[in-house]
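Colleague: Please pick one part of this model and take me through it closely, contact by contact. Then tell me how the rest of the chain is arranged around that part.

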Amino acid sequence: MKNILDQSFEGKRVIVRVDFNVPLDEKFNITDGSRINAALPTINKLLNDKARVILMSHLGRPKGKEERYSLRHIVNYLQKLLGVLVSFSDDCIGSSAKKAVSKLNNGEVLVLENLRFYKQEKLGEERFARQLSDLADVYVNDAFGAAHRNHASTSTIASFFPSEKYFGLLLKKEVDSLEKALNNPEKPFTAIIGGAKVSGKIEVIKSLLEKVDCLIIGGGMAYTFVRAIGGKIGSSLLEEDKIDLAKSIIKKSKELGVKLLLPVDSVNANDFNSDADIKKSDILDIQDSYMGLDIGEKSINIFSKEIENSKTIIWNGPMGVFEMSNFENGTKKIGEAICKSTVNGAFSLVGGGDSVAAVKKFNLEDQVSYISTGGGAMLEYLEGKELPGVRAILK
Ligand code: AMP
């Protein structure tokens, strides 16, 4: 991988695809700047070199030019973080973008307007990518969160920089962490997959089965598996059409000698809200009108023991409805077990929007080895797919 740390970019116009798709409140204040913070190492490296740094990103899902999705809203935040002049171009291509770039001095930053104000961005259109490339001498992709997209700024643009294209430090760290876990894992290797539905994670489960020693399945998706082994799951989440698939995954795990752990007990409610009546039960015997919303204590103990004996851990998806305090315990305790194992030397990788939200909710973010900034991109990587944003740089 071509590393920006091995080069100096002094005086060069460097266009960096970042992922500044941050949440904003109704007054356009940034409510969680993690994604901007994650891009700082790359930006600071380029500023230390005295490069002219041009940042491009998408924000939200605008339908044409919508002011509320303008990247103008992040400029002050970024300027405060960087302590250098950050200017803004109200177009990402064309004469005004060119003019703004021409005014840029070494060691300064320019933010381009939202790429998705042009539909050509998502279409990966070549002409649009060329117009972006006209602004710079060097292309850096640091947007891991968008690396699974075949868009103009994440993929097409790279071909206009045949020898001057690089991975940013964040993207490199993400890919290195995933590679470390997937291709060179210290054993035992455990994957914990949770969340609402089996359907969204089938490919990940299939691909991980080939690599792990132990696969733990929790969250809403576990109930389809429980049903597949003949359990009574009441009104818990069920994907009828995935029961056979669950059976085949159980069979495959046996053939491969992978330990597949399902919950053995469940915390159930008679309604999907935190004031509902709660009954705990064996996982195979949930009362008819009750739904399983969290894993029970016995499951927590079994899963935690396995996690604490593991040397490589991947976690994607919560163990229950962690957003409601009555059903957060399983996710919290599993998070804590991962942290404990990490303190004892395991490499732990957490990713996927909801697991990251859970890790943050329980203040565990400093205690795991790596938190991925890109849920969708991480899932596709775990599925064994090559990401267009990665392929475009390596080509
Ligand atoms: P996903 O996006 O598939 O990772 O699913 C995350 C969501 O799954 C979270 O919002 C959780 O509240 C939800 N979830 C986890 N466990 C359950 C469950 N047992 N029943 C219903 N929803 C669940």
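**The ligand site and the domains**

Modeller: Start with Glu323: an N or O atom in its side chain sits 2.5 Å from an oxygen atom of the ligand. Keep in mind that this is a predicted model, so every distance here is computed from it. Lys201 also reaches the ligand, with a side-chain N or O atom 2.9 Å from a ligand oxygen. For Asp354, the gap between a polar side-chain atom and an oxygen of the ligand is 3.3 Å. With those contacts in place, 79% of the 500 Å² of accessible area that the ligand has on its own is covered by the protein.

Now step back to the whole shell. It has 15 residues, and the nearest of them are Ala196, Lys201, Gly292, Glu323 and Asp354. Sorted by class, the shell is a mix: six nonpolar residues, five polar and four charged.

Where does this sit in the chain? The domain assignment gives domain 1 as 4-171 and domain 2 as 185-382, and the numbers of Lys201, Glu323 and Asp354 fall in the second range. The centres of the two domains, taken over C-alpha atoms, are 36 Å apart.

The domains do touch, with eight residues of domain 1 in contact with nine of domain 2. Together they bury about 660 Å², and 59% of that is on carbon and sulfur atoms. On the domain 1 side, Phe144, His148 and Leu170 supply 69% of the area buried against domain 2, more than any other three residues.

As for polar links, two residue pairs are in polar contact between the domains, both at pLDDT 80 or more. The interface also has one salt bridge. Lys360 forms a salt bridge with Asp32, and their closest N and O atoms are 3.3 Å apart. By number, Asp32 falls in domain 1 and Lys360 in domain 2.

Notes
Residues numbered from 1 in each chain as written. Predicted model: local features only at pLDDT ≥ 70, side-chain atom pairs only at ≥ 80, totals over all residues. Heavy atoms only, no water. Near = heavy atom within 4 Å. Polar contact = N/O pair within 3.5 Å; in protein donor to acceptor, adjacent residues only side chain to side chain. Areas by Shrake-Rupley, 256 points an atom, 1.4 Å probe, with all protein chains shown as cover. Nonpolar A, V, L, I, M, F, W, Y, C, P; charged D, E, K, R; others polar. Domains from an automatic or database assignment. Contact = heavy atoms within 4.5 Å. Buried area = accessible area lost by both parts, 1.4 Å probe. Salt bridge = Lys/Arg side-chain N within 4 Å of Asp/Glu carboxyl O.
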